[in-house]
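Colleague: Before I use this model, I should like to hear what stands behind the terms you apply to it. Could you take them one at a time, setting each value against its definition?

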Amino acid sequence: MEKEGKIIKIAGPLVVATNMEGAKIFEVVKVSEKKLIGEIISLKENVAFIQVYEETTGIACGEPVFKTNESLLVELGPGLLGSIYDGIQRPLNLIEKMVGAFIERGIEIPSLNREKIWHFKPLLKEGEEIESGDILGVVDEEGFEHRILVPPFVKKGLLKMIKPEGDYNIEEIIAKVETKEGEVNLKMYQKWPVRQKRPVKKELVPDELLVTGQRVIDSLFPIMKGGTACVPGPFGAGKTVIQHQLAKWVDADVIVFVGCGERGNEMADVLIEFSKLKDPKTKRLLLKRSVLVANTSNMPVAAREASIYTGITIAEYFRDMGYNVALIADSTSRWAEALREISGRMEEMPGEEGYPTYLPSRIASFYERAGKMICLGKDNRIGSVSIIGAVSPPGGDFSEPVTQSTLRVTKVFWALDDALANKRHFPAINWLISYSLYKERVEEFLREKVSPEFPELIKLAQKFLQEEAKLQEIVTLIGAESLSEKDKLILEIAKSVREDFLIQNAFDEVDTFSSLKKQYLMLKAIFAFERKARELIERGLKLKEIEGLERLKEKIARLKYLPEENLNELEEVIKEIETYQHV
Ligand SMILES: Nc1ncnc2c1ncn2[C@@H]1O[C@H](COP(=O)(O)OP(=O)(O)OP(=O)(O)O)[C@@H](O)[C@H]1O
Ligand SMILES: [Mg+2]
């Protein structure tokens, strides 16, 4: 048996042990006789610094530390979808059933159910040459095609045996491969070290819009499949609601939701909603296309550090099957705080605001795992992982280190604004400072998939919002009355863009989601109105005096509540505006 280490210091989630010769960095260890799970995060000769994923109270110096020779691994296979895990992939619902609401320390439960039977359908035949990423067969997971892949460590080989179509549990050997290094047995699941990127063949440039159904996002600040976005916002500005909206409506095949250091009841809300709502595309329950990783504020802080790696590894696994995956993390600030706490306990030299100096590189290496990829395997499947991370800067100050380091690596910035939230303008995304570096590429996509006019309408909307900001300065100086009729129209239209288009109520059954077509038609209506009103002004009329226009304006305000099935009514409103005659 391996020699045991000995605890010499305990500082909250950090345990220091000596006699750790032969241990490796990022090796998983079991701490004390209670077998608490920990990971070595630093080694100095035979002294190991261990972050422990469970409460360390009651542990004493002199107690043993057991090496495992393994990294922190996640299990990847059938059964992931619909699961809710803690930061180190222990199934939460199962644990609750076994030991009540709290996770007992040192408890070992497999991440994937070993007994559950899955119906496996082979796609390859004995005698075939295979390589990493090839699809051995598929399992139907309540309507989701779970592709069982040749794992990355099997580079090339000859398929010696594959099980016929039938019912198996995940421990059953379903295939044998002859490789240069010898024979390898494959099961329906594989393990992967969370801190390591899963390999791909090639990274591509994202070129497809990730449709979210949120108008301000899709039209003004879009994200692409394989892209990255950062949502910073002060307390109560709507970060969580946006993250939940995306988790519900985004057109990805799989959603991985990481609840990091946030309130437990918010995670419970997600669960309850997901078990009721259906994916509009596939009609499957949202829960069945999602994996939840929850490390809420009442759970041990170190597991929070691990939770985003657990989440991203699961996301990459589904990407490898050739799916579009969205990883949504709320909030990465809590993750960074966990990093800061552990670093402080290790008495490392602090960087900005007490965060470790390696904070920026850690954040970058997380977002770098997003992308649109050609996956391993002979068929050159394409898959993507998009990452959307919320950031909670203290006091809403975007110049703090977590926000800044995140903005340096993400391509989309949705800046949530206190002032807008206070005015109940939701989503409170500030249109003057937010940006998307995908904008140009998305234009092509929208032109082709929705309408050649759509990008032009979006540009108009942004132009009016910018002009409004300029005019408002004048208005504060000399009052609105002194504005020309033309400028008044600009303000009127900008207001319509804000109130009738950008504001979107997450809790209204219809307004909660707008298809791209609806977004396009809504803008088209607003700018048909603008053209008509401008013509009338040019004829010398005053805006306020035209009653017919007021009526049309009211119609525009109601467009957001038109169900997707009735978009023809929206087109009728546009026609009515275009053919309006003032007499
Ligand atoms: N799109 C929306 N539609 C309607 N109401 C919204 C919307 N977004 C936010 N709200 C309102 O704002 C409240 C606060 O939002 P949320 O909990 O998402 O903020 P947060 O930024 O996550 O806050 P915290 O900093 O506490 O985590 C919500 O409870 C809701 O009432
Ligand atoms: Mg929140």
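Colleague: How far apart are the C-alpha centres of domain 1 and domain 4, and what makes these stretches domains?

Modeller: The two centres lie 62 Å apart, and the stretches are called domains because an automatic or database domain assignment sets their bounds. That assignment gives domain 1 (5–71), domain 2 (118–188), domain 3 (200–435) and domain 4 (450–578). The model is predicted, with local features needing pLDDT of at least 70 and side-chain atom pairs pLDDT 80 or more, while totals for chains, interfaces and linings use all residues. Residues are numbered from 1 along each chain as its sequence is written, chains are lettered from A and ligands numbered from 1 in the order written, and side-chain values rest on heavy atoms, without hydrogens and water.

Colleague: How do you know that β4 and β5 are paired strands?

Modeller: A strand is a DSSP run of E with at least two residues, just as a helix is a run of H or I with at least four, both numbered from the N terminus. Strands β4 (residues 36–44) and β5 (residues 47–52) run antiparallel and are joined by six bridges; pairing asks for at least two bridges found by DSSP, so the two strands qualify. Within this pair, E39 stands opposite Q51 and K44 opposite V47. The hairpin that β4 and β5 form has two residues between the strands, and E45 in its turn has a positive phi of about 50 degrees.

Colleague: What makes β3 a partner of β4?

Modeller: Four bridges join β3 (residues 27–31) to β4 in an antiparallel arrangement, and V29 stands opposite G38. Their hairpin has four residues between the strands, and there S32 takes a positive phi near 65 degrees. In the loop between β3 and β4 lies K35, which has a positive phi of about 60 degrees although it is not a glycine.

Colleague: Which strands make up the closed barrel, and in what order?

Modeller: Six strands close the barrel in the order β1-β2-β5-β4-β3-β6, with antiparallel pairing. The twist from one strand to the next averages 45 degrees, an angle between N-to-C directions of axes fitted to C-alpha atoms, on a scale from 0 to 180 degrees.

Colleague: How many residues surround ligand 1, and which domains supply them?

Modeller: A residue is near a molecule if one of its heavy atoms lies within 4 Å of it, and 16 residues surround ligand 1, the closest being G236, G238, K239, T240 and V241. Domain 3 and domain 4 each contribute at least three residues to the shell.

Colleague: Why are the approaches of A237, T240 and A506 called polar contacts?

Modeller: A polar contact is a pair of N or O atoms within 3.5 Å. A backbone N or O atom of A237 is 3.2 Å from a ligand 1 oxygen, a polar side-chain atom of T240 is 2.7 Å from an oxygen of ligand 1, and a polar backbone atom of A506 is 3.1 Å from a nitrogen of ligand 1; each pair therefore meets the limit. The protein covers 81% of the 630 Å² of accessible area (Shrake-Rupley, 1.4 Å probe) that ligand 1 has on its own.

Colleague: Where are the cis peptide bonds that you list?

Modeller: One runs from D330 to S331, with omega near 0 degrees, and S331 lies in the loop between β22 (324–330) and α6 (332–345). Another joins F426 and P427, with omega about -10 degrees; P427 lies in the loop between α9 (418–422) and β26 (435–436).

Methods
A polar contact is a pair of N or O atoms within 3.5 Å; within protein, one must be able to donate a hydrogen and the other to accept it, and residues adjacent in sequence count only if both atoms are side-chain atoms.
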